[in-house]
Amino acid sequence: FVGTDPRLFHRIDGREEAGPCGRSPSVPMERAGREERGKSPLVLDIFPRNGYNKRENYVRADKGRERTKMATMRAAEASDMAVLLRYDTHIAPDVLRRRIRDGCCFAAEEDSAVVGMLRFELLFGEHPFLELLYIDAAFRGRGIGRLCLSEWEREMRARSYRYVMTSTQADETAWRFYEKLGYEKCGAFFPPEQKAEEWIYRKRL
């Protein structure tokens, strides 16, 4: 729903906000004309899921500039199994298939190619717990991980959940990513055969 270029606008519930890095955009945006919809590769198509059914079209006002590739996140499908299993080496195929069936797995796409995934479960049957957020190494540094996390949080809010949770090893750098996006450390433990402490995070939606 939003490009990886932080200068772009996205639109939430009828109001415009800055791009994923929170900076004021230097590229003006305008609503796409009818003749441009579905034709120009610079049109940004917004496809929110569940609680957000509105589709809007925007086009960059400076059409002569270099085009920006767009990243999106959608619900994973059974046809995505092969590529998702290459990214997700910590889960059995039948378990991943159930996650997809239950709406607990999403695929990140760029130019219609799957470039990452997000998988979660309901902890104690009521708390969305992010198990895996993985972006292909060739596509990192473009804001796709941030986009996926933001869309997942929006989806959980639409499903009426008040909190989301996740965890990361203390000796990894992912905790900086989550803390920067508003997650707070709320506990820790040592999983069997893991030398580093596992830090638990939560965020109120």
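**A lined pocket, a buried helix face and paired rings**

The largest pocket is lined by 30 residues, and those nearest its centre are Leu132, Leu133, Glu172, Ala174 and Tyr178. The structure examined here is a predicted model. Within the largest pocket lies about 1,100 Å³ of space. A short reminder may help in picturing such a space: rolling a probe the size of a water molecule over the atoms shows where empty space is left. Several elements contribute to the walls, with β9, β10, α3 (144-158), β11 (163-169) and α4 (174-180) each supplying at least two residues of the lining of the largest pocket. Strand β10 gives the most to this lining, with seven residues.

Attention turns next to helix α2, which spans residues 93-101 and has Leu96, Arg99 and Ile100 as its buried residues. Seen down the axis of α2, these buried residues fall within an arc of 100°, so they line one face of the helix. The packing partners of the buried residues of α2 are α1 (81-87), β8, β9 and β10 (127-135). Strands β9 and β10 thus appear here as partners of α2 and also among the elements that supply the lining of the largest pocket. Just after α2, Gly103 takes a positive phi of about 75°.

The aromatic rings offer another view of the interior. The count comes to six aromatic pairs. One of them is formed by Phe106 and Phe120, a stacked pair with 6.3 Å centre to centre and 15° between the planes. This pair links distant parts of the chain, as Phe106 belongs to strand β8 (residues 105-110) and Phe120 to strand β9 (residues 113-123), 14 residues apart. How accessible are Phe106 and Phe120? Phe106 has 2% relative accessibility and therefore counts as buried, since buried means under 20%. Phe120, at 1% relative accessibility, counts as buried too. Together with Trp152, Phe106 and Phe120 form one aromatic cluster. The strands that carry the two phenylalanines, β8 and β9, are also among the elements against which the buried residues of α2 pack.

Rings also meet charged groups in this model. The charged end of Arg140 sits over the ring of Tyr134, at 5.2 Å from its centre. For Lys185, the charged end sits over the ring of Trp199, and here the distance from the ring centre is 3.8 Å.

Technical notes: Residues are numbered from 1 along each chain as its sequence is written. This is a predicted model: local features need pLDDT of at least 70, side-chain atom pairs count only at pLDDT 80 or more; totals for chains, interfaces and linings use all residues. Side-chain values use heavy atoms; hydrogens and water are left out. Rings of Phe, Tyr and Trp (its six-membered ring) pair if their centres lie within 6.5 Å; planes under 30 degrees apart count as stacked, over 60 as edge-to-face and the rest as tilted. Helices (H or I, at least four residues) and strands (E, at least two) are DSSP runs, numbered from the N terminus. Buried means under 20% relative accessible area, exposed over 50%, partly exposed in between (1.4 Å probe, protein chains only). A charge sits over a ring if NZ of Lys or CZ of Arg is within 6 Å of the ring centre and within 35 degrees of the ring normal. The arc is that of the directions from the helix axis to the C-beta atoms. Contact means heavy atoms within 4.5 Å. On a 1 Å grid over the protein atoms alone, a cavity is a set of points where a 1.4 Å probe fits but cannot get out, and a pocket is an open set with protein on both sides within 12 Å along at least five of seven lines; lining residues have an atom within 4 Å of a point. Grid points are joined across faces, edges and corners, and a volume is the space filled by probe spheres set on the points.
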